[in-house]
Amino acid sequence: MVCPDCNYEKNGEDALCCGLCGKVFRKEKVEEKTFHHLPLPEVLSPSAGDITTPRKLLKLDKEADIRIINKLYQDGLLSDDAFIAASRILRPISNWFLWARQMLFIFGSTLVLAGIIFFFAYNWSKMGRFFKFGLIESGIIVCIIVSSVQGRTQLVGKVLLLCASIMVGVLLAVYGQIYQTGADAFELFIGWAILIFGWVVISKFDALWLLWLILLNTGVILYWAQVGHPAHSISYEYLCLAVAAINGLALALCEAAMLHNIEWLRGKWLRNILLAIFLVVLLIPTIHLIVHSESAKGVTVFTACTWIFTIVGGYACYRYKLRDMVSLSLIIGDVCIIILTMVGKVLFDSQNYGRNSISYLLFSLIILGLVSGAAFWLRTIAAIMFVKETKGTNGIGMEEFLQ
Amino acid sequence: MNNNTPTIREILGHLDVQRLVSQKELMRIDESLDKSDQTSKDPIYMHILLGFGAWFAALFLISFCGMSHIFEDKFLTTFFGIIFLVAAIFITRVNKATFFSQLSLALAFSGNIMVLIGIANGFGTHELSVIIITQAIICVIVYPFYDNAIYRFLAPTALAVLITTWIITEKVFFLIHALVTAEAFLVGTLLFYRKRPHLLTPLIYSSAIMLPITLLLMNISQVCPWRENFDEPLWPSSILLAGSLIYLYLHLAGGLKRLNEPWLVLAILSTILLGFFTTPGILVAIGLLVAGYTFGNRILTVLSYLFLPCFLIVFYYALNIDLAYKSWVVAGSGVILLVIYWIVKTIQPEEVSW
């Protein structure tokens, strides 16, 4: 039997748990007498389906977690020996090896890559240009070859592909350093994003997609700063819309991929980063519209409308469809900022700004009230979501939960 | 529920554990699990939302006090600051509703700042040392009485920031090693403290974030606009942090009696090597990562992931070290880690793909 967690292949067909990482297989088939060799204390006796002891059923049938075991130990409820024994069941030595290997590789690669970037930024004059190019290009080739050999489904392969992608940027920077091309910085970032796009597509690696999006965003922002803004040809609202479009599209694709159960996009961190950027860039022109409504242009109004559409759509999506509290808190936090901007505008514009201290006290209380309301709302939603999620697994009703 | 993850019942019923846990302890564990469920804590995003809300409210509250001419009198400033702090403690004991807890937090923030302003004005000086001593006294007095995780996290963190700023502005750079020692000692003590009172939990996170903040500030101070010439060697801090990491490994392994394990010897030797070779920032990132995994604490793990790139960026711009030397140190540390990776892969009992 192959372990789904560590891929260890030498487990017997009737194994109860993985011989290497200790993962318990087919828990429902584990017989009582197999797992418990000693007479069971009352609290450990099987209570599945025993409706007279719901408290025990709920608490002890929770998934064991190293945090819970640690907490029990910290609270003095487990002795040193019991803690070590429980920790070893939850986290066998092979788990530590796996973790250590992953982290050593990720941290080691990051540091080597950073060292390479530092080295080429130093611009060592004694090193010839061809030697510099040769070194970087060799690095890229080695990374790609090893990545292909290891396989792109493996973490090593993915990280090496990421390293190769970053080294393409180093190559472009060194090219600009040696030949003094005079090109604007945005060209470097856009060119970099274009050159690595193929690797990004085949990588199936969320960190590489994030790097690519950062490059694209940086390229667009620098284009506006170096070309659009100095020539007064492009107002900042267009920049905000462009950045929102890039990140919004990426977010939509990310959500679609999640809905289709694409394994490598299951982490919610990418969603939260993209949503945060999306909301912030739409927030800036919306605040501008509220504070300086007299100087607002058509595109500012359009951006504000996009913000409203995003908030409504995002709330419906993350409240009912995808159910994510962090995303909801980002949306509600964004709404709080807009409401406070509107209130502040009314409060401070209508008063004699320099003299009326009561406005400040009032505004302070309004902030507290609004944020408290938002927190109350979020807690209520979280409780409802929790009940909906657990209802299917252990049959607790809303009333029981609230009690 | 994932069918492959054992439950607490299964863990406690496992032969290796069951014989080490008495019936009485099992009953207490059951009660404890029930109690911890009833006192469910807010997630981190809620703390961030509430913290920002209270902080902005505090800014407007301070502005209100400023416009009411309270700051013109140093005694009045201190007096109102103390009143605000006392009111914060009182409110949080009387009413736990969200609005009142937010109000008390805003009062605590503004009260803390007003006491600092009042005392600094009272001494007729803007010496940072006076502000640091005042903040330390406020922390010691208010921390045990004011039951708010956000304040308990931010007040000691602010103290560490003030101390680091003082070391940099007064150019007493050698004290940075003492500060790093104190912070490492604090975080280690708190993490391994058994039967830790609930009120110390925010201090763990505060002490865990102090080390990264100290190192980041130290490096930022050499960039514009300060450009402090930080000419203190960093090896004492590196060696000290390496020593702390070794202590952590030994503690996790179960003491000195496990020193015959090859993986422990490897971990210790590589950490000694890193201690002599690398810069403190990298050791702190590794320490946070190990602590995060050991205690199953995602906040420490995320802190480590965030700190490493931030440190590398700030380290790149630090002017007191030659870029070629930085490159050598950073890449060399990476090579050491990759060599350990290769050794771990070799000595691991069975091949596992990931």
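# Reading helices, pockets and a cavity in a predicted two-chain model

Analyst: Welcome! Chain B has 15 helices and zero strands in its secondary structure. Chain A likewise comes to 15 helices and zero strands. Please keep in mind that this is a predicted model.

User: How many residues does each chain have, and what percentage of them is buried?

Analyst: A residue counts as buried when its relative accessible area is under 20%. In chain A, 46% of the 403 residues are buried. Chain B has 354 residues, and 52% of them are buried. As for the extent of chain B, its C-alpha atoms fill a box of roughly 75 × 60 × 30 Å along the principal axes.

User: What share of the contacts joins residues at least 24 apart in sequence?

Analyst: For this, take the contacts between residues at least 6 apart in sequence, chain by chain. In chain A, 57% of these contacts join residues at least 24 apart. In chain B, the share is 68%.

User: Could we look at one helix in detail? What span should helix α8 of chain A have?

Analyst: Let's work it out. Helix α8 of chain A covers residues 185–203, which is 19 residues, and at 1.5 Å a residue the expected span is 27 Å. The C-alpha atoms at its ends are 26 Å apart, so the two values agree.

User: Where does α8(A) bend?

Analyst: The bend is at Ile196(A), and it comes to about 50 degrees. Ile196(A) is also one of the buried residues of this helix; the others are Phe186(A), Trp192(A), Ala193(A), Val200(A) and Ser203(A).

User: Which helices do those buried residues pack against?

Analyst: They pack against α7 (155–179) and α9 (206–228) of chain A. Leu222(A), which sits in helix α9 of chain A, lets you see this region from the other side. Leaving out residues up to four places away in sequence, Leu222(A) touches Ala185(A), Phe186(A), Phe189(A) and Val227(A). Try a distance, too: Leu222(A) and Asp184(A) are 38 residues apart in sequence, while their C-alpha atoms are 8.5 Å apart in space.

User: What follows α8(A) in the chain?

Analyst: Lys204(A) does, and its phi is positive, near 55 degrees. Chain B has positive values to look up as well. In His69(B), a residue other than glycine, phi is near 65 degrees. His69(B) lies in the loop between α4 (44–67) and α5 (74–94) of chain B. Lys171(B) is another non-glycine residue with a positive phi, near 55 degrees, and its place is the loop between α8 and α9 of chain B.

User: Why does Lys171(B) count as exposed?

Analyst: The cut-off for exposed is over 50%. Lys171(B) has a relative accessibility of 51%, so it counts as exposed. Now compare Thr164(B), in helix α8 (residues 149–169) of chain B. Thr164(B) has a relative accessible area of 0%, so it is buried. Apart from residues up to four places away in sequence, it touches Ile176(B), Leu179(B), Thr214(B) and Leu217(B).

User: How do we find empty space in a structure?

Analyst: The general idea is that a probe the size of a water molecule is rolled over the atoms, which shows where empty space is left. In this structure there is one cavity of 30 Å³ or more. The largest cavity holds about 40 Å³ of space.

User: Which elements line the largest cavity?

Analyst: α10 (201–220), α13 and α14 (298–317) of chain B give two or more residues each. The largest share, three residues, comes from α10(B). Among the lining residues are Leu215(B), Met218(B), Phe311(B) and Phe315(B). By class, the lining has seven nonpolar, three polar and no charged residues.

User: What about the second largest pocket: how much space lies in it, and how many residues line it?

Analyst: About 1,200 Å³ of space lies in that pocket. Its lining has 47 residues, and those nearest its centre are Trp96(A), Tyr249(B), Leu252(B), Ala253(B) and Trp263(B). Helices of chain A and of chain B supply the lining, including α4 (80–90) of chain A and α12 (262–277) of chain B. The most comes from α5(A), with eight residues.

User: And how does that lining divide by class?

Analyst: It has 33 nonpolar, nine polar and five charged residues.

Notes:
Residues are numbered from 1 along each chain as its sequence is written. Chains are lettered from A and ligands numbered from 1 in the order in which they are written. This is a predicted model: local features need pLDDT of at least 70, side-chain atom pairs count only at pLDDT 80 or more; totals for chains, interfaces and linings use all residues. Side-chain values use heavy atoms; hydrogens and water are left out. On a 1 Å grid over the protein atoms alone, a cavity is a set of points where a 1.4 Å probe fits but cannot get out, and a pocket is an open set with protein on both sides within 12 Å along at least five of seven lines; lining residues have an atom within 4 Å of a point. Grid points are joined across faces, edges and corners, and a volume is the space filled by probe spheres set on the points. Helices (H or I, at least four residues) and strands (E, at least two) are DSSP runs, numbered from the N terminus. Ala, Val, Leu, Ile, Met, Phe, Trp, Tyr, Cys and Pro count as nonpolar, Asp, Glu, Lys and Arg as charged, and the others, Gly among them, as polar. Buried means under 20% relative accessible area, exposed over 50%, partly exposed in between (1.4 Å probe, protein chains only). Contact means heavy atoms within 4.5 Å. The expected span of a helix is 1.5 Å times one less than its number of residues. The bend at a residue is the angle between axes fitted to the seven residues ending there and the seven starting there.
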